[in-house]
Amino acid sequence: MRAHVIGAMVVGLGLLAGATAQAQSGAGPRVDVTLIPAGGIYFTEEGSEPDFGSYAAGATVGVSVNRFVGLEGEGTGLVGIEQDLTFNGRTQSLKAPHMLAYSGNVVIYPAGHDRGLAPYVTGGAGGLTVYERPSVGVSASTTFVSANAGGGLTYTVNDHVGVRG
């Protein structure tokens, strides 16, 4: 199954980012845990393959190398939802396949992350596993190489809570 993923994951329910909790404060490396409670991923139609979307939830764990650079591991489970799909010339109510996305990222904070509001850029690589769902033409689980890039702002409320968007 060949599919193109549009952009990055879109966070739903009015949330721009998950909450970030610091596991450590003070001296030593900063460790962040980010929860992504709601999002989505959308595959576009190509040829006879249908377009479809899935609900997503995940988390990241990151560690700061210094105040300008961090490393992060990200994992997201995608639950196939039932939707009207046009497949083999017929529109049917079918369930999209479940997926698992995972990546390793480098996060750069050009101005440092030791302030309340800090811009960042990030990029990384990983994989996307699409699990078997014969009803939509996915006859075997397949893993694709993936890459990501993005940026935004991190706002740290205190030593233990912040948001990223």
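## Burial and overall build

Of the 165 residues in the protein chain, 34% are buried. This is a predicted model, so please read everything below as computed from it. The chain has eleven strands and zero helices. Read from the N terminus, its elements therefore follow one another as β-β-β-β-β-β-β-β-β-β-β.

## Cavities inside the structure

Let's turn to the enclosed spaces. Searching the whole structure brings up three cavities of 30 Å³ or more, and the largest cavity has a volume of about 130 Å³. Its lining is made by 15 residues. Nearest the centre of the largest cavity lie Asp32, Gly62, Glu72, Tyr109 and Arg164.

Which strands supply at least two residues each to this lining? Strand 3 (31-43), strand 4 and strand 5 each do, and strand 4 gives the most, with four residues. By character, the lining residues of the largest cavity divide into seven polar, four charged and four nonpolar.

## A nonpolar patch on the surface

On the outside, Val63, Val65, Leu71, Val106, Ile108 and Val121 make a nonpolar surface patch of about 440 Å².

One member of this patch, Val65, is worth a second look. Valine 65 sits in the loop between strand 4 (52-64) and strand 5 (69-80). Is valine 65 buried or exposed? Valine 65 counts as exposed because its relative accessibility is 54%, and the cut-off for exposed is over 50%.

Methods:
Residues numbered from 1 in each chain as written. Predicted model: local features only at pLDDT ≥ 70, side-chain atom pairs only at ≥ 80, totals over all residues. Heavy atoms only, no water. Patch = residues over 30% accessible without salt bridge, like charges linked within 9 Å, V, L, I, M, F, W, Y side chains within 5 Å. Areas by Shrake-Rupley, 256 points an atom, 1.4 Å probe, with all protein chains shown as cover. Salt bridge = Lys/Arg side-chain N within 4 Å of Asp/Glu carboxyl O. Buried < 20%, exposed > 50% of the residue type's maximum accessible area, 1.4 Å probe, protein only. 1 Å grid on protein atoms, 1.4 Å probe; cavity = no way out; pocket = protein on both sides within 12 Å on 5 of 7 lines; lining within 4 Å. Points joined across faces, edges and corners; volume = space filled by probe spheres on them. Nonpolar A, V, L, I, M, F, W, Y, C, P; charged D, E, K, R; others polar.
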